[in-house]
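Here are some short exercises to work through with the model open beside you. Try each one yourself before you read the solution.

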Amino acid sequence: MAKFNKNDYQIRFDFNNMMADYIGAEQGFKESDVSAVLPQAKAAFESVKQQGGAGWQGWLDLPFDQDEIVEDILATAKGIRKNFKTFVVLGIGGSALGPIAVFQALRHLHYNELSPKLRKGPKFYVEDNVDPERMSALLDVIDLKTTCFNVITKSGATSETMSQYLVITDQLKKALGADYASHVIATTDREKGNLIKLAKKEGFKTFYINSGVGGRFSELSPVGLLPAAVLGIDVKKMLSGARDMVKKGFKSANPYHNMPLMAATLQFIAMQKGKNVSVMMPYADSLKYVADWYCQLWGESLGKSVDKSGKEVYAGQTPVKALGVTDQHSQIQLYTEGPFDKVITLIAVDAFRKEVMIPEGLPEFPDVNFLCGNTMGTLLNTERKATEYALAKKHRLNRTITLPEVNEYTIGQLLMMFMMECAFTGAMLNIDTYNQPGVEEGKNATYAMFGRKGYEAKKAELDSAKAKSAKYIL
Ligand code: PA5
């Protein structure tokens with residue numbers, strides 16, 4: 001096997017089609033637009049860099065300081081691969097989207113359907129909801145006696161995850177008795193929340209999420225590394241890709257020499273010009289859920305009503321996920337001809353890990369025959385280039401991130417690139433990138449509706465809300 005050479009796998013960022021020279025002066029940016037926001041870009045660079053892994057930026061240290069934890073994760077994963085046939089993540093949001101994205105990116109696209117011999121690891125499921133039909137369906141297809149559950153919650157208190165936990169541990173206890181605890185692994189905060197207390201009481205194997213690592217920035221912590229390692233993914237290579245991206249992102253305060261900073265600068269200018277939608281469109285099924293993960297990162301981090309000085313800013317871009325080429329037959333019409341309110345990020349892959357040849361066979365049908373003798377990868381990438389051309393021709397802001405191949409190293413780079421882009425953008429907007437008061441409000445209202453102790457005032461507030469009018473319900 002050829003030696004893995006990371007120089008062959010550096011991701012690239014092409015922003016030609018954000019610029020006036022390529023999509024026209026009305027929509028495209030000029031270099032003077034970039035120069036105009038250089039002070040904010042440089043200040044964002046300095047503040048993110050200076051803070052480093054402190055405060056809520058603990059995620060920046062993850063590629064550098066987890067050697068010991070990684071060894072524990074690898075040893076634990078080895079045991080799980082040996083002793084269990086199924087591995088299930090219980091969690092939601094930042095505790096679920098990363099594991100899903102990395103699973104889809106780096107394992108076979110029909111992994112669970114493969115024979116055990118080809119799969120070489122346990123089946124994998126993530127319960128990213130509290131839909132009773134989904135939970136019942138999970139229980140229909142797994143055997144509790146051969147299933148290991150990884151309960152992931154940073155706060156250790158999220159209602160959805162704790163209800164998943166309660167349902168599963170109840171079933172496990174009924175099926176296995178006292179031995180049930182060996183089927184549960186907790187990933188949570190070292191001190192805060194209920195899960196750590198339960199883990200200590202019940203004796204679950206536990207991994208910790210550092211206090212400075214928030215849910216949507218946690219994929220490179222044990223949140224994502226344990227599931228990845230259980231799936232046989234090389235987590236050291238993932239961390240190595242992320243590490244190289246951190247080094248790149250902190251090398252220069254000049255956006256023209258800094259991929260995540262330029263990406264952030266362009267989005268900042270776009271937001272100033274009223275481009276309120278960020279479409280993430282990978283041209284690879286393996287990256288479909290990276291777009292999902294990105295949507296949480298971008299939406300929850302940047303969607304803020306006030307800036308750090310308390311001024312009302314209503315910042316953010318609505319993140320939208322799309323898939324090439326599938327959504328060329330669905331959303332692209334809107335992106336090409338609808339409102340000028342979007343930045344479209346295409347993610348390209350140079351070389352697919354598998355290729356499928358479109359066979360020769362229909363010379364009498366020239367309208368179909370032109371496809372024959374090409375690979376499906378060539379078709380997909382040609383369609384991407386054609387879409388990029390069509391978008392540019394219609395003056396639509398678009399940019400392309402290219403992965404030479406989808407592998408552990410490039411995925412590590414890509415995730416870190418988006419997290420750094422997000423941190424720089426948040427700093428340029430002068431908002432708190434790491435809080436989520438809008439999420440908390442909904443969580444608290446749920447607690448109040450369930451009559452949870454301590455939420456009496458919230459319950460009274462909800463009870464006094466104006467009753468809905470039957471007139472407006474048809
Ligand atoms: O990014 C975040 O902080 C949130 O989206 C959380 O990931 C989500 O609410 C789940 O929280 P927890 O991991 O505490 O259960």
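The exercises below look first at the ligand and then at one residue of the chain.

This is a predicted model, in which local features need pLDDT of at least 70, side-chain atom pairs count only at pLDDT 80 or more, and totals for chains, interfaces and linings use all residues. Residues are numbered from 1 along each chain as its sequence is written, and side-chain values use heavy atoms, with hydrogens and water left out.

**Exercise 1.** Find which residues come nearest to the ligand.

*Solution.* Start with the residues near the ligand (a heavy atom within 4 Å). There are 14 of them, and Ser-95, Thr-153, Ser-155, Thr-158 and Gln-296 come nearest. Next, sort the shell by class: one residue is nonpolar, nine are polar and four are charged. Here Ala, Val, Leu, Ile, Met, Phe, Trp, Tyr, Cys and Pro count as nonpolar, Asp, Glu, Lys and Arg as charged, and the others, Gly among them, as polar.

**Exercise 2.** Look for N or O atoms of Gln-296, Glu-300 and Gly-94 beside ligand oxygen atoms.

*Solution.* Take the side chains to begin with. An N or O atom of the Gln-296 side chain is 2.6 Å from a ligand oxygen, and a polar side-chain atom of Glu-300 lies 2.7 Å from a ligand oxygen. Then turn to the backbone, where an N or O atom of Gly-94 is 2.8 Å from an oxygen of the ligand.

**Exercise 3.** Decide whether Ile-473 is buried or exposed.

*Solution.* First locate Ile-473 in the segment after helix H19 (456-463), helices being DSSP runs (H or I, at least four residues) numbered from the N terminus. Ile-473 counts as exposed because its relative accessibility is 54%, where exposed means over 50%, buried under 20% and partly exposed in between (1.4 Å probe, protein chains only). Finally, compare positions: the C-alpha atoms of Ile-473 and Asp-21 are 51 Å apart, with these positions 452 residues apart along the chain.

Key
Polar contact = N/O pair within 3.5 Å; in protein donor to acceptor, adjacent residues only side chain to side chain.
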